[in-house]
Amino acid sequence: MAAGITGLNHITLAVVDLERSVAFYRDVLGCTVRAIWADGAYLEAGSLWLCLSRDDEACRRPHADYSHIAFSVSEEDYTTLSTRLVAGYAIWKEDRSEGRSTYFLDPDGHKLEIHVGTMESRLRHYRQHPEKNVKIF
């Protein structure tokens, strides 16, 4: 077998205002702050290591493409969190996929999503809908 990755190590997001971004990820999304320094912070989102890095070159508007980060949320917490996001943050896409999703922008314009579901639930959906022509391995 060829050498390969073992998983996702961490995600780093460039941010304009570190304090504002830490507050968003901690207070709105519920991440746990693990470390903060002058130009950055480490947070945990479940098992994900999220780094926020203050950067004067940070993009201040969303990219036009579909690239985004999706965070898992339980079915029980979905409605409360989604309502909070819809009320206070820009929505960049309407949900049309399997599983409940809300697509929103963080304060720096990063495209994010909260999603109820797993890879297995997504594959199960496509097995139940062969007309979508998804080849499953």
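These are my notebook entries on a predicted model, taken down as I looked through its fold, one of its sheets and a single threonine.

**Entry 1: the whole chain**

I began with the overall make-up, and I counted three helices and eight strands in the protein. Reading along the sequence, I wrote the pattern down as β-α-β-β-β-β-α-β-β-β-α. For the extent of the model I took the box filled by the C-alpha atoms along the principal axes, which is roughly 50 × 45 × 30 Å. I then looked up burial, and 34% of the 137 residues count as buried, while the accessible surface comes to about 9,000 Å², with 52% of that surface belonging to carbon and sulfur atoms. Among contacts between residues at least 6 apart in sequence, I noted that 53% join residues at least 24 apart. For the charges, I compared the mean position of the 16 positive ones with that of the 20 negative ones, and the two mean positions lie 5 Å apart.

**Entry 2: the sheet of strands 5 to 8**

I next asked myself in what order the four strands of the open sheet stand. The order is 5-8-7-6, and the pairing is mixed. Strand 5 (69-72) and strand 6 (91-93) are at the edges with a single partner strand each, so each of them has one side without a neighbour in the sheet. From one strand to the next, the twist averages 35°.

Before going through the pairs I reminded myself that strands of a sheet pair through backbone hydrogen bonds, in either a parallel or an antiparallel sense. Strand 5 runs parallel to strand 8 (residues 111-115), and four bridges join them; within this pairing, A70 stands opposite E113 of strand 8. On this sheet I also found helix 2 (residues 75-88), which packs against it and touches strand 6, strand 7 (101-105) and strand 8, with a direction that makes about 30° with that of strand 7.

Strand 7 and strand 8 pair in the antiparallel sense over five bridges, and T102 has I114 of strand 8 opposite it. These two strands form a hairpin with five residues between them, where I noted that G109 takes a positive phi near 85°. On the other pairing of strand 7, two bridges join it to strand 6, again antiparallel, and I91 has F104 of strand 7 as its bridge partner.

**Entry 3: strand 7 by residue**

Is strand 7 enclosed or open to the outside? Five of its five residues are buried, so strand 7 is largely enclosed by the rest of the structure. Going through the side chains, I saw that S101, Y103 and L105 point one way from the strand, whereas T102 and F104 point the other way, and that all of them are buried.

**Entry 4: T32**

Lastly I turned to T32, whose place is in strand 2 (residues 32-37). Its relative accessibility is 41%, and because that value falls between the 20% and 50% cut-offs, T32 counts as partly exposed. Leaving aside neighbours within four places in sequence, I found T32 in contact with Y42, L43 and E44. I also checked the spacing to E44, which lies 12 residues away along the chain, and the C-alpha atoms of T32 and E44 are separated by 5.1 Å.

How values were computed. Residues numbered from 1 in each chain as written. Predicted model: local features only at pLDDT ≥ 70, side-chain atom pairs only at ≥ 80, totals over all residues. Heavy atoms only, no water. Pairing = 2+ DSSP bridges. Axes fitted to C-alpha atoms, helices over the stretch in contact; angles between N-to-C directions. Contact = heavy atoms within 4.5 Å. Buried < 20%, exposed > 50% of the residue type's maximum accessible area, 1.4 Å probe, protein only. Areas by Shrake-Rupley, 256 points an atom, 1.4 Å probe, with all protein chains shown as cover. Lys, Arg positive; Asp, Glu negative; His and termini not counted. Charge placed at Lys NZ, Arg CZ, Asp CG, Glu CD.
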